[in-house]
Amino acid sequence: MVQVCLNGARAAADGVRVPLSPEAMAASAAEAVAAGATDVHVHPKTPCGHDSLSPRVVAATLEAIRDRVRVPVGVTTGAWAEPDPAARLERVRSWTVLPDHASVNWHEPGAEELAAALIERGVGVEAGIWSGTDGAARFAASPLGPKVLRVLAEVTDTDPASAEASARALLAGIGAAHGRPVLLHGEDGGAWPVLRLAGRRGLATRIGLEDTLLMPDGGGAESNARLVAAGLAEWHAARDTGN
């Protein structure tokens with residue numbers, strides 16, 4: 001499984017290649033799926049380009065993407081989109097169009113309640129476990145652990161020289177992950193080293209303009225589709241080398 005992460009918290013300042021409108025996200029998702037992506041992760045945006053959990057914004061984004069692709073589509077529930085845990089929970093409960101899955105960052109306040117509400121509504125939960133946080137310990141103790149769709153192991157170390165070691169430490173901290181599948185990914189300078197480790201470990205991964213604006217050779221990424229094609233090539237090449 002290679003998930004495409006279309007845009008993340010990036011904005012117009014990151015360039016026109018980052019899709020911000022529902023129509024642009026849908027077109028980018030379609031290209032990425034044609035390039036081999038089997039799942040989509042997206043940050044719905046307001047017209048001003050800010051991440052939003054608004055039912056209207058989420059619905060417009062999901063409907064546009066689903067008009068173009070037939071793979072699962074998931075959204076963020078990051079605290080930066082709605083800092084107040086109670087308000088964030090209310091937003092999710094008021095969604096009129098449901099994603100296939102949603103990421104919940106386990107170190108953020110209100111994560112357990114938010115994950116429970118999503119599961120109750122039939123939405124798969126990606127348990128976001130970030131390196132450098134107590135997310136792994138919280139998740140290990142969570143009664144919801146066995147019920148999540150998968151664990152999203154997020155390596156926040158952006159140094160290409162140390163990101164792989166940070167990823168290995170994160171995986172060790174996550175341990176058995178309640179028996180759930182693990183998707184491993186990095187960001188910025190750590191994106192490609194961590195993706196290669198995912199290949200060597202045979203783990204699901206993701207790539208896209210949320211995680212990096214650069215190709216493996218350091219050149220600028222023109223699109224999510226180009227990143228996905230390169231990501232698949234890098235994953236398979238790393239897989240052939242083993243652990």
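Helix α7 passes helix α8 in a right-handed crossing, and I should like to begin this presentation with that pair. Please bear in mind throughout that the model before you is a predicted one.

Helix α7 covers residues 191–201, and helix α8 covers residues 224–241. Their axes come within 7 Å and cross at roughly 50°. That angle makes α7 oblique to α8, because it falls in neither the roughly parallel, the roughly antiparallel nor the roughly perpendicular range. Which residues of α7 meet α8? They are W192, L195, R196, A198, G199, R200 and R201. On the side of α8, the partners are L227, A230, G231, E234, W235, A238, R239 and T241. Sorted by class, the residues of this contact comprise seven nonpolar, three polar and five charged.

Helix α8 has a further partner to consider. The axes of helix α1, residues 22–34, and α8 come within 8 Å of one another and cross at roughly 25°. Since angles under 35 degrees count as roughly parallel, α1 is described as roughly parallel to α8. This crossing, too, is right-handed. From α1, the contact draws on S28, E31 and A32; from α8, it draws on N224, A225 and V228. Three nonpolar residues, two polar residues and one charged residue make up the contact of α1 with α8.

I turn now to a third helix pair, α3 and α4. Helix α3 spans residues 85–93 and helix α4 spans residues 111–120. These helices pack at an angle of about 5°, with their axes 10 Å apart. At that angle, α3 is roughly parallel to α4. Which residues make the contact? In α3 they are R88, L89, V92 and R93, and in α4 they are E113, L114, A117 and L118. The contact of α3 with α4 divides into five nonpolar residues, no polar ones and three charged ones.

Let us leave the helix pairs and look at individual residues, beginning with a strand. Strand β3 consists of residues 73–76, and V75 lies within this strand. Is V75 buried or exposed? With a relative accessible area of 1%, V75 is buried. Setting aside its neighbours within four places in sequence, V75 is in contact with H41, V42, P44, L62, W95, P99, H101, A102 and S103. As for a distance along the chain and in space, V75 and A87 are 12 residues apart in sequence, and their C-alpha atoms are 17 Å apart.

Helix α2, residues 55–66, contains E63. The relative accessible area of E63 is 44%, so this residue is classed as partly exposed. E63 and L98 are 35 residues apart in sequence, with a C-alpha to C-alpha separation of 9.8 Å.

The next topic is backbone geometry in two loops. Most residues other than glycine have a negative phi. Where, then, does H178 lie, and what is its phi? H178 is in the loop between α6, residues 163–174, and β7, residues 182–185. Its phi is near 55°, a positive value in a residue other than glycine. H178 is partly exposed, at 31% relative accessible area. Apart from neighbours within four places in sequence, H178 is in contact with F139, A140, S142, G145 and P146. One of these residues, S142, is 36 residues from H178 along the chain, and the C-alpha atoms of the two are separated by 9.4 Å.

D188 offers a second example of a positive phi, near 45°, in a residue other than glycine. D188 lies in the loop between β7 and α7. With a relative accessible area of 38%, D188 is partly exposed.

Finally, a word on cysteines. How many disulfides does the structure hold? The number is zero. Two cysteines may be contrasted in their accessibility. C5 has 0% relative accessibility and therefore counts as buried, whereas C48, at 68% relative accessibility, counts as exposed.

To close, I return to helix α8. In this predicted model, α7 lies oblique to α8, while α1 is roughly parallel to α8. I thank you for your attention.

Notes: Residues are numbered from 1 along each chain as its sequence is written. This is a predicted model: local features need pLDDT of at least 70, side-chain atom pairs count only at pLDDT 80 or more; totals for chains, interfaces and linings use all residues. Side-chain values use heavy atoms; hydrogens and water are left out. Axes are lines fitted to C-alpha atoms, for helices over the stretch in contact, and angles run from 0 to 180 degrees between N-to-C directions. Helices (H or I, at least four residues) and strands (E, at least two) are DSSP runs, numbered from the N terminus. Angles under 35 degrees count as roughly parallel, over 145 as roughly antiparallel, 65 to 115 as roughly perpendicular and the rest as oblique. A crossing is left-handed if the near helix is turned anticlockwise from the far one by less than a right angle, and right-handed if clockwise. Contact means heavy atoms within 4.5 Å. Ala, Val, Leu, Ile, Met, Phe, Trp, Tyr, Cys and Pro count as nonpolar, Asp, Glu, Lys and Arg as charged, and the others, Gly among them, as polar. A disulfide is a pair of cysteine sulfur atoms within 2.5 Å. Buried means under 20% relative accessible area, exposed over 50%, partly exposed in between (1.4 Å probe, protein chains only).
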